[in-house]
Amino acid sequence: MLRPNASRALVAIGLGEKIAAVANSSPGIYTRNMQTGEFLEFNDRRKTSARYGAPYYTFHRADLLEAFGERT
């Protein structure tokens, strides 16, 4: 997973489009009580992404390495 600061750094070095093509943007995380399954909170990553100007990304490591390798 890449946090917004790392996403912005990749955009700055010219990998933004390549990363976006192989990544999934994470909408958020539900937190539940592990014993009861009761819903506790939702961490909305879309709000955080908007605040910092870049998304949270998830992807397979091999896809990220391939995007790095294609940079020329």
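## A walk through a predicted fold

Phe-42 is partly exposed, because its relative accessible area is 30%. That residue is a good place to start a tour of this model, which is predicted.

Let us look at the neighbours of Phe-42. Together with Tyr-30 and Phe-39, Phe-42 forms one aromatic cluster. The count of aromatic pairs in the model comes to two. In the pair made by Tyr-30 and Phe-42, the ring centres are 4.6 Å apart and the planes meet at 45°, so this pair is tilted. Tyr-30 belongs to strand β2, while Phe-42 belongs to strand β3 (residues 39-44), so the pair ties together parts that are twelve residues apart in sequence. And how does Tyr-30 sit with respect to the surface, buried or exposed? Tyr-30 counts as exposed, because its relative accessibility is 56%.

Now follow the chain to the end of β3 and on into helix α3. Strand β3 covers residues 39-44, and helix α3 takes in residues 45-52. At the start of this helix, a side-chain oxygen of Asp-44 comes to within 3.0 Å of the backbone nitrogen of Arg-46. Asp-44 also has a second link to Arg-46: the two residues form a salt bridge, with their closest N and O atoms 3.2 Å apart. Side chains of opposite charge can pair when their charged atoms come close. How many salt bridges does the model have by this rule? The count comes to one. Asp-44 counts as buried, because its relative accessibility of 19% falls under the 20% cut-off. Just after α3 comes Gly-53, whose phi is positive, at about 75°.

Arg-45, in helix α3, leads us to another small neighbourhood. The charged end of Arg-45 sits over the ring of Tyr-56, at 4.4 Å from the centre of that ring. Arg-45 also meets Ser-26, since a polar contact of 3.2 Å joins the side chains of these two residues. Where along the chain do we find Ser-26? Ser-26 lies in the loop between β1 (24-25) and β2 (28-32). Although it is part of a loop, Ser-26 counts as buried, because its relative accessibility is 11%. Leaving aside residues up to four places away in sequence, Ser-26 touches Arg-45 and Tyr-56. Here, then, is a little trio: Ser-26 touches both partners, and Arg-45 places its charged end over the ring of Tyr-56.

Next, go back to the beginning of the chain. Pro-4 is part of helix α1 (residues 4-12). Pro-4 counts as buried, because its relative accessibility is 5%. Which residues does Pro-4 touch, not counting those up to four places away in sequence? They are Tyr-52, Ala-54, Pro-55 and Tyr-56. Pro-4 and Pro-55 are 51 residues apart along the chain, yet their C-alpha atoms are separated by 5.2 Å. Leu-2 reaches this part of the chain too: among the residues it touches, again not counting those up to four places away, are Pro-55, Tyr-56, Tyr-57 and Phe-59.

Leu-2 brings us to the interior. The largest nonpolar core has eight residues, and Leu-2 is one of them. The other members are Leu-10, Leu-15, Ile-19, Ala-23, Tyr-57, Leu-64 and Ala-67. Leu-2 touches its fellow core members Leu-10 and Tyr-57.

Finally, let us visit helix α2 (residues 16-22). Gly-16 is in this helix. Leaving out residues up to four places away in sequence, Gly-16 touches Leu-10 and Val-11. Glu-17 is also found in α2. Glu-17 counts as exposed, because its relative accessibility is 73%. Glu-17 and Ala-67 are 50 residues apart in sequence, and their C-alpha atoms are 9.5 Å apart in space. Ala-67 is one of the eight core residues we met above.

Glu-70, in the segment after α4 (61-69), is the last stop. Glu-70 counts as partly exposed, because its relative accessibility is 41%. What separates the C-alpha atoms of Glu-70 and Lys-18 in space? The distance is 8.8 Å, while along the chain the two residues are 52 residues apart. Compare this with Gly-16 and Gly-69, which are 53 residues apart along the chain and have their C-alpha atoms separated by 14 Å.

Conventions. Residues are numbered from 1 along each chain as its sequence is written. This is a predicted model: local features need pLDDT of at least 70, side-chain atom pairs count only at pLDDT 80 or more; totals for chains, interfaces and linings use all residues. Side-chain values use heavy atoms; hydrogens and water are left out. A polar contact is a pair of N or O atoms within 3.5 Å; within protein, one must be able to donate a hydrogen and the other to accept it, and residues adjacent in sequence count only if both atoms are side-chain atoms. Helices (H or I, at least four residues) and strands (E, at least two) are DSSP runs, numbered from the N terminus. Buried means under 20% relative accessible area, exposed over 50%, partly exposed in between (1.4 Å probe, protein chains only). Contact means heavy atoms within 4.5 Å. A salt bridge is a side-chain nitrogen of Lys or Arg within 4 Å of a carboxyl oxygen of Asp or Glu. A nonpolar core is a set of buried Ala, Val, Leu, Ile, Met, Phe, Trp, Tyr and Cys residues joined through side-chain atoms within 4.5 Å. Rings of Phe, Tyr and Trp (its six-membered ring) pair if their centres lie within 6.5 Å; planes under 30 degrees apart count as stacked, over 60 as edge-to-face and the rest as tilted. A charge sits over a ring if NZ of Lys or CZ of Arg is within 6 Å of the ring centre and within 35 degrees of the ring normal.
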